[in-house]
Every structure is written in structure tokens, then in C-alpha cells.
Amino acid sequence: MTTRADMTTIASTLARHTRLALATALLLSLAGCSILSDKPKDPSTIFAPEPSVQADASWPKVDWQLVIAPPVAARIVDSLRMAVRPTPGELQVYRGAQWARPPSDMLVDTVLRALEDSGRIAGVGRQGTGMAGDYKLFFEVRRFEADYAGGALPSATIEVSAKLLHVQRQRVAASRVFVQSTPAASTAVPDVARAFEQSLSKIGGEIAGWTLTSGEAYRRTLPAPAKP
């Protein structure tokens, strides 16, 4: 006959086994999550656009120097992930694709090389190189995305706000918002990347020419330096 004491012992033993089973199941579950999270991510294709800008014959030749300040951009805009806007108000990224450098770096390099290669300016460099500039160029990268805009194919869209500051007077000599949008040949990511290369070339050339023209126009409004 089973006594009350025996029943208590059996119940206690069953409870211990139940707790042990639950603990084991929990550990196995955690181990499974760890294995899943340690799986390698999908391999990414890295795209590195090489924009090319041809100097326009109308660009003036100037004898002043320009410093380009570090650009400003929202984190989601200046990401290595390739952004795509399938519908208005919705921003996604292309899976398995990324930029070699952030969009702001690509933009500055494009403008810098366009001005250097043009031979139309006395000197140009990034802020922090120690060069003293007569003007300073500021950027805000607002958009850098493949935008479907209701169409069947995306367009590589870049929007940049630029300000040209006269350093000595600490006054804005000129400001402008630039927008370039180049349709991709297809929805394939390599074609989208090539469209961005074209948009970078176009907007880089526009900004370079505008900088030279606006800076020189402002210089002509300044009083002539006093003669010794």
C-alpha cells in the first residue's frame, strides 16, 4: 500500500524530472538559435562606379583655391547598402549588393577629380589637407536611390544641396539644389549601378561648373585690393 510519504516522494521526483526536461529543452533551443545566427550571410556583390567628367568649354579659368568640406547626409542615405524606392513612401535595399564606398565619398571624389582634371582652378582639396581655400564648398546629400516613380524601370536618382562659402567674408556666395535621374537599362542590379555611374558623372560635372562660375562671379563683386 502506498503511503502519503511515498506519494510525496514520487511527486517530488516527477517535479525534478519535469524541471530537468524543460531546462534541457531550453538549452537545446538556445543552441539551435546560436547555430542559425552563426550561418554566413549571403555573399554580396560590391559595386564601385567610376564616373568620368569632361570639362565644359564654358567653364572659367580661376586663380583662387577651393576646399571641399565633409558632406552631410542622413545615415540611411549615406549607407553602403544600395537603396531602392519601389513605391512612393517606401524605401528598401537591394539584397546581396552594396557600394564600395559611401555615396557622399563618391560624390566628393567625382567633383574633386572633375575640378582637378579640368585645369581651370588654382587649387582644390578636401578639408583637412592643410590647404587654405578662398572658398569652401558644402554638400548635403538628400537622395541616392533607385526610384521607380511609378514606372517599370528604376532611375538612379541623386539629389544634392550645395553651398559655396567665401571664407574671408564668411558669406554664402551661391547655393543651389542639384538633381540627376538616369533610367536604368533594366531592373537588374548591375544595370542600376551603371545608371548611378552616369548620374554621378552628370551631377559631378554640373556642380564643378557651377562652383567655378559662381565663385568667379562673386569674386568680381568684391572691392579691388588696396595698393601698397
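**Exercise 1. Decide whether Gln 170 is buried or exposed, then say where it sits and what its phi looks like.**

Solution. Start with the surface: Gln 170 has a relative accessible area of 55%. The cut-off for exposed is over 50%, so Gln 170 is exposed. Keep in mind that we're working with a predicted model here. Next, the place: Gln 170 belongs to the loop between β8 and β9. Last, the backbone: its phi is positive, about 55°, even though Gln 170 isn't a glycine.

**Exercise 2. Do the same for Ala 149: find its loop, its phi and its exposure.**

Solution. Ala 149 sits in the loop between β7 and β8. Its phi is near 50°, again a positive value in a residue other than glycine. With a relative accessibility of 63%, Ala 149 counts as exposed.

**Exercise 3. Place Ala 156 in its strand, classify it as buried or exposed, and list its contacts beyond four places in sequence.**

Solution. Ala 156 is part of strand β8, which covers residues 155-166. Its relative accessibility is 1%; buried means under 20%, so Ala 156 is buried. Now look around it: once neighbours within four places in sequence are set aside, Ala 156 is in contact with Glu 145, Gln 180, Ser 181, Thr 182, Val 192, Ala 195, Phe 196 and Ser 199. One more thing to check is Ala 83: it is 73 residues from Ala 156 in sequence, while their C-alpha atoms are 9.8 Å apart.

**Exercise 4. Work out how helix α2 fits into the structure: its span, its buried residues and what covers them.**

Solution. First, the span. Helix α2 (residues 103-118) has 16 residues, and from first C-alpha to last it reaches 23 Å, close to the 22 Å expected at 1.5 Å a residue.

Second, the burial. Of those 16 residues, 12 are buried, so α2 is largely enclosed by the rest of the structure. Among the buried ones are Pro 103, Met 106, Leu 107, Asp 109, Leu 112 and Ser 118.

Third, the cover. The elements over these buried residues include β2 (65-68), β5, β6 (123-126), β7, β8 and α3.

Fourth, zoom in on Thr 110, which lies in α2. At 5% relative accessibility, Thr 110 counts as buried. Not counting residues up to four places away in sequence, Thr 110 touches Pro 51, Val 53, Leu 200 and Gly 204.

Finally, step past the end of the helix: Gly 119 follows α2, and its phi is positive, near 70°.

**Exercise 5. Say how many aromatic pairs the structure holds, and describe the geometry and setting of Trp 99 with Phe 144 and of Phe 178 with Trp 210.**

Solution. The structure holds five aromatic pairs. Take Trp 99 and Phe 144: their ring centres are 5.8 Å apart and their planes meet at 85°. Edge-to-face needs over 60 degrees, so this pair is edge-to-face. Trp 99 is in strand β5 (residues 90-99) and Phe 144 in strand β7 (residues 135-147), so the pair ties together parts 45 residues apart in sequence. Both rings belong to buried residues.

Now Phe 178 and Trp 210: this pair is edge-to-face too, at 5.4 Å centre to centre with 75° between the planes. It links distant parts of the chain, with Phe 178 in strand β9 (residues 171-183) and Trp 210 in helix α3 (residues 189-219), 32 residues apart. Phe 178 and Trp 210 are both buried.

To finish, look for a cluster: Trp 99, Phe 144 and Phe 196 form one. Phe 196 has come up before, as a contact of Ala 156.

Conventions: Residues are numbered from 1 along each chain as its sequence is written. This is a predicted model: local features need pLDDT of at least 70, side-chain atom pairs count only at pLDDT 80 or more; totals for chains, interfaces and linings use all residues. Side-chain values use heavy atoms; hydrogens and water are left out. Helices (H or I, at least four residues) and strands (E, at least two) are DSSP runs, numbered from the N terminus. Buried means under 20% relative accessible area, exposed over 50%, partly exposed in between (1.4 Å probe, protein chains only). Contact means heavy atoms within 4.5 Å. Rings of Phe, Tyr and Trp (its six-membered ring) pair if their centres lie within 6.5 Å; planes under 30 degrees apart count as stacked, over 60 as edge-to-face and the rest as tilted. The expected span of a helix is 1.5 Å times one less than its number of residues.
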